[in-house]
Amino acid sequence: MLETAATHGLNEATRRSLQAVPKELPPVWLYDARGSRLYDEITRLPDYYLPRREAEILWARSSLISERTTARTLVELGSGSAPNTRFLLDALSGTLERYVPFDVSEQALQDSAEAIAAAYPAISVEPVVGDFERDLGDLPDAGPRLVAFLGSTIGNLYPTQRAAFLAALALELGDDDALLLGVDLVKDVGRLEAAYDDPWGVTEAFVRNALRATNRELEATFEQERFDYDPFWDPAHEWMDIGLRALESHVVSVRRLGLELAFAEGERLRVEISAKFRRETFELGLERAGLSPEAWWTDAADDFAVVLAHPPS
Ligand code: SAH
Ligand code: AVI
């Protein structure tokens, strides 16, 4: 496969992550067409409460969000199949002219853009394939814009990545623009671990999909049967640490990166983190990035929050 500027950036990030301690794969590898379908299946699992809690909040607050933002453009970062976006599209119908779903997963983006264009013929749907950590400059600038980042995907970024991402977004936003974030909250460990380890093995298949994708795209030699699925709550960082553990010592080649990786028995390969948040620290992070938190709405059970923020005027 030909290396483009985009794949070069991902390949270099993958090289660094695989050589780090602990070894790690950038979570972008989870979201090929198969991974995006598996993620959609996860959102329907009984213990994966996040999308339902977010839907509850958006159902109750979308009219207010519409009044406060009067957005002409709705940009959605990491839009995937955009399950909760219709709350915003419905509420913003008086002002909205365009919806810009932005995602690294081209097939998922195409499918959801077509579905939304069919359901909302009055707005222009303008999908952008890109990486929200690198390509925020590619967003259209017809304001007022509402930039939504739903599903708590922000929790899949490390604190330093999160700070850099929010700071880049703050620079990108104009005075009339607003940011809407879905964030999952710290809660009982049993519920968190159940959300990431379902008895049907859907979440495990989603995480293992990162190995399939790197085998295919980077000519790697990961063997699924040499790893166990291993998600756990890390109380010090307040994140789910989601990955795989080598069952025996062995070597994995990643030919396109020229790497030979030695795994010891029991050694972990992290595939993603899923950070959970508390209001005070999350709002502090927004302020440090140059954003002003304006509203913090939760569901009735206080499981999840939707946050509205603005660049300071
Ligand atoms: N917002 C949707 C999907 C969440 S899944 C929901 O709430 O259900 C996370 C989405 O982010 C996936 O569609 C994935 O392809 C996308 N994604 C992950 N990392 C990305 C990145 N660095 N840049 C752009 N999109 C990314
Ligand atoms: C997309 N993201 C918010 C999901 C999460 O909960 O961190 C990804 C996921 N990983 C396993 N299950 C869901």
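## Around ligand 2

A residue counts as near a molecule if one of its heavy atoms lies within 4 Å of it. In this predicted model, 13 residues surround ligand 2, and those that come nearest are Tyr48, Asn156, Tyr196, Glu272 and Ser274.

Let's see where this shell comes from and what it is made of. Three elements, α2 (33-42), α8 (202-218) and β12 (268-275), each contribute at least two of its residues. By type, the shell holds six nonpolar residues, six polar ones and one charged.

## Polar pairs and burial

Which atoms of ligand 2 pair with the side chains of Tyr48, Tyr196 and Glu272? For Tyr48, an oxygen atom of the ligand sits 2.5 Å from an N or O atom of the side chain. An oxygen atom of ligand 2 also lies 2.5 Å from an N or O atom in the side chain of Tyr196. With Glu272 the ligand atom is a nitrogen, 2.4 Å from a side-chain N or O atom. Ligand 2 would expose 340 Å² if taken alone, and the protein buries 99% of that.

## The chain as a whole

Stepping back to the fold, the chain has nine helices and 14 strands. Its C-alpha atoms fill a box of roughly 60 × 45 × 35 Å along the principal axes. A compact globule of 313 residues would have a radius of gyration near 20 Å, so the 19 Å of this chain agrees with that picture.

Of the 313 residues, 53% count as buried. The chain exposes about 13,800 Å², with carbon and sulfur atoms supplying 50% of it. Among contacts between residues at least 6 apart in sequence, 70% join residues at least 24 apart.

Technical notes
Residues are numbered from 1 along each chain as its sequence is written. Chains are lettered from A and ligands numbered from 1 in the order in which they are written. This is a predicted model: local features need pLDDT of at least 70, side-chain atom pairs count only at pLDDT 80 or more; totals for chains, interfaces and linings use all residues. Side-chain values use heavy atoms; hydrogens and water are left out. A polar contact is a pair of N or O atoms within 3.5 Å; within protein, one must be able to donate a hydrogen and the other to accept it, and residues adjacent in sequence count only if both atoms are side-chain atoms. Accessible areas come from the Shrake-Rupley method with a 1.4 Å probe; for residues, only the protein chains shown count as cover. Helices (H or I, at least four residues) and strands (E, at least two) are DSSP runs, numbered from the N terminus. Ala, Val, Leu, Ile, Met, Phe, Trp, Tyr, Cys and Pro count as nonpolar, Asp, Glu, Lys and Arg as charged, and the others, Gly among them, as polar. The radius of gyration is taken over C-alpha atoms; the globule rule is 2.2 Å times the number of residues to the power 0.38. Buried means under 20% relative accessible area, exposed over 50%, partly exposed in between (1.4 Å probe, protein chains only). Contact means heavy atoms within 4.5 Å.
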